[in-house]
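Ready for a few exercises to work through with a viewer open? Try each task yourself before you read its solution.

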Amino acid sequence: MQVHFGFEELRPEWESAVGCIGTFDGVHLGHAEVISRAVAKAREAEQPCVLVTFDRHPAAVLAPSRCPKLVAPLQENLKRFEALGVSATVVLPFNAWLSRMSASTFLEDILRKAVRADRLVVGHDFAMGNGREGNTEWLSQRIETVVVPPFQVESHRVSSSAIRAMVEAGDVAHAARLLGRPFTISGVVVRGDKLGAKLGYPTANLARSFDQVVPADGVYSGTFVCAKGTFKTAASIGTRPTVDGQDRRFEAYLLDYPGDTIYGYSADLLLHERLRGQEKFASLEGLIEQMALDVDRVRTLLAAGGDR
């Protein structure tokens with residue numbers, strides 16, 4: 001998949017394309033339905049499918065105090081677009097200038113001239129341009145537009161806001177059903193204070209670089225993926241109250257890990273199920289006993305297919 005940042009230098013040699021546009025935070029099953037419809041329409045017409053998205057959530061500019069945390073970073077979304085069959089993605093910097101652009105200018109200068117879209121596929125609640133003037137009805141009057149209706153899973157309308165709420169409540173299992181995959185925390189492995197190693201459970205500490213939604217504090221079953229391999233994981237998210245910790249940590253104990261150093265490696269932590277909330281134990285011995293139980297439970301759950 002080709003990726004272009006900005007549209008000013010875009011010089012497509014295709015005569016026409018099927019355009020698909022949206023924020024697509026997290027690329028959940030509802031987003032996947034919209035994108036798949038666009039790809040199918042492009043294949044049918046023997047055209048490229050060109051997706052237009054943004055480098056940040058529009059609320060980061062329009063209403064910073066109410067801007068939601070991301071379900072997934074841009075690089076993860078780009079991987080999903082490619083997996084769904086998108087030919088090219090144009091990532092627009094959502095800044096004050098773009099936020100003031102009229103719907104007509106957006107349609108003519110970006111979608112028609114730069115992308116060369118002669119038809120669009122959008123979600124039911126899509127709107128573009130200053131004041132969200134370019135809603136689905138407005139678009140349908142000016143360009144051939146396929147409007148994809150709301151997508152539901154288990155009677156729940158799939159949305160990024162619903163997924164954020166589930167993740168924040170610790171219900172990562174339910175969030176995974178709306179995402180179509182486990183909720184993932186991405187970061188790099190950094191040095192901690194070695195407390196886990198002292199307790200017999202050395203952990204990989206993940207440091208993030210973007211403002212992603214944070215799961216409720218607690219212990220989770222998960223999968224840890226890095227260049228060294230894929231490992232079943234007992235993950236802890238929280239402030240470590242037993243040792244009077246202050247900052248929130250993302251720690252993963254890798255089951256059956258051979259022990260090679262992974263400091264500085266990028267890694268993904270896939271969360272499958274929340275086992276319990278964060279607790280403050282009366283002693284380190286009590287904490288160690290509970291950690292042993294947590295690891296045994298994770299091993300049992302994942303051996304039984306709890307990572308699916």
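The exercises below concern a predicted model, and each one comes with a worked solution.

**Exercise 1. In what order do the strands of the open sheet lie, and which of them are the edge strands?**

Start with the order: six strands make up this open sheet, arranged 1-4-3-2-5-8, and their pairing is parallel. Next, look for strands that pair on one side only: these are strand 1 and strand 8 (144–148), the edge strands. For the twist, ignore direction and average over neighbouring strands, which gives a turn of 20 degrees.

Now zoom in on one pair. Strand 2 (residues 17–21) runs parallel to strand 3, and four bridges join them. Within this pair, Val 18 is placed opposite Cys 49 of strand 3.

**Exercise 2. Find which strands helix 1 and helix 3 touch or lie across.**

Take helix 1 to begin with: strand 2, strand 3, strand 5 (117–123) and strand 8 are the strands it lies across, and its direction is at about 155 degrees to strand 5. Then turn to helix 3, which packs on the sheet by touching strand 1, strand 3 and strand 4, at about 155 degrees to the direction of strand 4.

**Exercise 3. Which residues of helix 3 are buried, and what covers them?**

First, list the buried positions: in helix 3 (residues 74–83) they are Glu 76, Asn 77, Leu 78 and Phe 81. An α-helix has 3.6 residues a turn, so residues three or four places apart point the same way. Use that to compare the positions of Asn 77, Leu 78 and Phe 81, which are among the buried ones.

Second, find the cover: it includes strand 1 (2–5), helix 1 (29–45), strand 3 (49–54) and strand 4 (88–92). Finally, step past the end of the helix to Gly 85, where phi is positive, near 100 degrees.

**Exercise 4. Why do Cys 20 and Cys 49 not form a bond?**

Begin with the sulfur atoms. The cysteine sulfur closest to that of Cys 20 belongs to Cys 49, and the separation is 5.7 Å. A disulfide needs the two sulfur atoms within 2.5 Å, so this pair is too far for a bond. The check from the other side agrees: for Cys 49 the closest cysteine sulfur is in Cys 20, again at 5.7 Å.

Then check the surroundings. Cys 20 is buried, with 1% relative accessibility, and Cys 49 is buried too, at 0%. To finish, the count for the whole structure is zero disulfides.

**Exercise 5. In what order do the strands of the barrel run, and which of them does helix 8 touch?**

Follow the strands around: six of them close into the barrel in the order 11-12-15-14-13-16, with antiparallel pairing. From one strand to the next, the twist averages 45 degrees.

Next, pick out strand 13 (residues 218–226) and strand 16 (residues 266–277), an antiparallel pair with nine bridges. In this pair, Phe 224 faces Leu 269 of strand 16. Helix 8 (residues 172–179) packs on this sheet, where it touches strand 11 (183–190), strand 13 and strand 16, and its direction makes about 130 degrees with that of strand 16.

**Exercise 6. Is Met 166 buried or exposed?**

Locate the residue first: Met 166 belongs to helix 7 (residues 160–168). Its relative accessible area is 12%, so Met 166 counts as buried, given that the cut-off is under 20%.

Now list its contacts. Setting aside neighbours within four places in sequence, Met 166 is in contact with Asp 171, Val 172, His 174, Ala 175 and Leu 178. As a last step, compare positions along the chain: Pro 215 is 49 residues from Met 166, and their C-alpha atoms are 8.4 Å apart.

Terms used. Residues are numbered from 1 along each chain as its sequence is written. This is a predicted model: local features need pLDDT of at least 70, side-chain atom pairs count only at pLDDT 80 or more; totals for chains, interfaces and linings use all residues. Side-chain values use heavy atoms; hydrogens and water are left out. Buried means under 20% relative accessible area, exposed over 50%, partly exposed in between (1.4 Å probe, protein chains only). Helices (H or I, at least four residues) and strands (E, at least two) are DSSP runs, numbered from the N terminus. Contact means heavy atoms within 4.5 Å. Two strands pair if DSSP finds at least two bridges between them. Axes are lines fitted to C-alpha atoms, for helices over the stretch in contact, and angles run from 0 to 180 degrees between N-to-C directions.
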